[in-house]
Amino acid sequence: MKKQRTKTRRFLWAAAAAGVVLLAALLSVRVRQVQVSGSSYYSQEELEQLLFPGFLDRSPLVVWLRQQTGSYPEIPFVERYTVRLTGLTSAQVTVYEKSMIGYVEFSGSYLYFDKDGLIVESSTERYGTLPRITGLDFDYAVLHQTLPVEEPRVFTEIQQISQYLGSQEVDWGGETRLLGELLDQIDFDGAGQITCCFGDIRVFLGSAESLEGKLREMKDILPQLYGRTGTLYLNTYQENESDPSYIFK
């Protein structure tokens with residue numbers, strides 16, 4: 001009986017030792033290859049730093065445990081994300097970003113808002129290629145509340161501009177670029193007149209009337225203005241005009 005208990009204790013000690021060795025081995029392995037999809041606000045290097053900041057965070061065991069429990073750290077501008085092991089030393093990260101169409105500057109912060117004008121993120125740093133929106137009149141701003149502007153229709157106009165430009169590619173100095181990536185700023189004056197800024201080129205659209213047609217004209221003309229400085233006036237756009245001409249100065 002005594003011998004049996006001794007054998008049992010030895011077996012348990014051996015199993016515990018083997019478990020410790022296995023755990024140490026798992027913790028010593030590192031996830032080194034990370035594949036990222038769905039991220040436009042962060043580079044791969046930035047995301048890896050946010051997801052795996054410490055020594056143990058790259059352990060496949062820690063990654064697996066987080067995958068099972070869903071205990072991931074929150075990341076600004078990201079609605080949710082998944083981290084899936086594709087091997088002992090590799091992982092796939094899929095990012096689902098918050099839906100945002102632009103940002104305003106207020107009290108030293110960048111306030112990012114969605115299609116309804118809801119402020120979904122606030123930061124002291126700029127991220128991504130969303131356009132800066134200027135000319136909106138408001139006295140205060142609260143995170144997770146709508147920007148208190150006098151004319152909420154501006155958010156529909158911003159969304160229309162962002163969606164169209166974000167889907168259109170142009171030849172920009174010999175390089176194929178999305179117009180949405182080139183757009184720096186959308187400005188609204190006191191009368192609601194719209195100006196889009198692309199570096200040194202400004203495009204005055206005027207009112208939101210026939211906005212889709214003006215955006216089509218802008219897409220066709222802008223590549224011809226690459227490298228120049230000035231303002232293109234599309235406020236004279238007429239829907240049924242067959243051979244239009246516009247001023248650039």
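The paragraphs below go through a predicted model, from the overall chain to its cores, selected residues and pockets.

The protein chain has 249 residues, of which 39% count as buried. Its secondary structure comes to six helices and 14 strands. Among contacts between residues at least 6 apart in sequence, 49% join residues at least 24 apart.

The interior can be described through its nonpolar cores. In soluble globular proteins, nonpolar side chains tend to be buried together. The largest nonpolar core in this model holds 39 residues, and those touching the most other members are Leu136, Ile161, Ile186, Phe198, Val203, Leu205 and Met218. Two or more residues of this core come from each of strand 5 (109-113), helix 4 (153-165), strand 8 (169-172), helix 5 (179-182), strand 10 (185-188), strand 11 (194-198), strand 12 (201-206) and helix 6 (211-221). Helix 4 gives the most, with six residues. Leu136 can serve as an example of the packing: leaving out residues up to four places away in sequence, Leu136 touches Val104, Val149, Val154, Phe155 and Phe188. There is also a second, separate core of 23 residues, with Val31, Val78, Met100 and Val120 among them.

Helix 6 is one of the elements that supply the largest core. Its buried residues are Leu211, Gly213, Lys214, Leu215, Glu217, Met218 and Ile221. An α-helix has 3.6 residues a turn, so residues three or four places apart point the same way. The cover over the buried residues of helix 6 includes helix 4, strand 11, strand 12 and strand 13 (230-233).

Leu182 lies in helix 5. Is Leu182 buried or exposed? Leu182 has a relative accessible area of 10%, and because this is under the 20% cut-off, Leu182 is buried. Not counting residues up to four places away in sequence, the residues that Leu182 touches are Val170, Trp172, Arg177, Cys197 and Phe198. One of these, Trp172, is ten residues from Leu182 along the chain, and their C-alpha atoms are separated by 9.2 Å. Phe198, another residue touched by Leu182, is listed above among the core residues that touch the most other members.

Arg58 belongs to another part of the chain, the loop between helix 2 (44-51) and helix 3 (60-69). Its side chain reaches the backbone oxygen of Val31 at 2.7 Å. Val31 is itself a member of the second core. Apart from neighbours within four places in sequence, Arg58 is in contact with Val29, Arg30, Val31, Arg32, Val34, Glu48 and Phe52.

The last topic is empty space. Rolling a probe the size of a water molecule over the atoms shows where empty space is left. The largest pocket encloses about 420 Å³. It is lined by 20 residues, and Met100, Thr129, Leu130, Ser162 and Gly166 lie nearest its centre. Helix 4 and helix 5 are the elements that give two or more residues to this lining, and the largest share, three residues, comes from helix 4. By class, the lining of the largest pocket divides into seven nonpolar, nine polar and four charged residues. Met100 also appears in the second core.

The second largest pocket has a volume of about 230 Å³. Of its 13 lining residues, Gly135, Asp137, Glu151, Asp189 and Gly190 lie nearest the centre. This lining has five nonpolar, three polar and five charged residues.

How values were computed:
Residues numbered from 1 in each chain as written. Predicted model: local features only at pLDDT ≥ 70, side-chain atom pairs only at ≥ 80, totals over all residues. Heavy atoms only, no water. Helix = DSSP H or I, 4+ residues; strand = E, 2+ residues; numbered from the N terminus. Polar contact = N/O pair within 3.5 Å; in protein donor to acceptor, adjacent residues only side chain to side chain. Contact = heavy atoms within 4.5 Å. Core = buried A, V, L, I, M, F, W, Y, C linked by side-chain atoms within 4.5 Å. Buried < 20%, exposed > 50% of the residue type's maximum accessible area, 1.4 Å probe, protein only. 1 Å grid on protein atoms, 1.4 Å probe; cavity = no way out; pocket = protein on both sides within 12 Å on 5 of 7 lines; lining within 4 Å. Points joined across faces, edges and corners; volume = space filled by probe spheres on them. Nonpolar A, V, L, I, M, F, W, Y, C, P; charged D, E, K, R; others polar.
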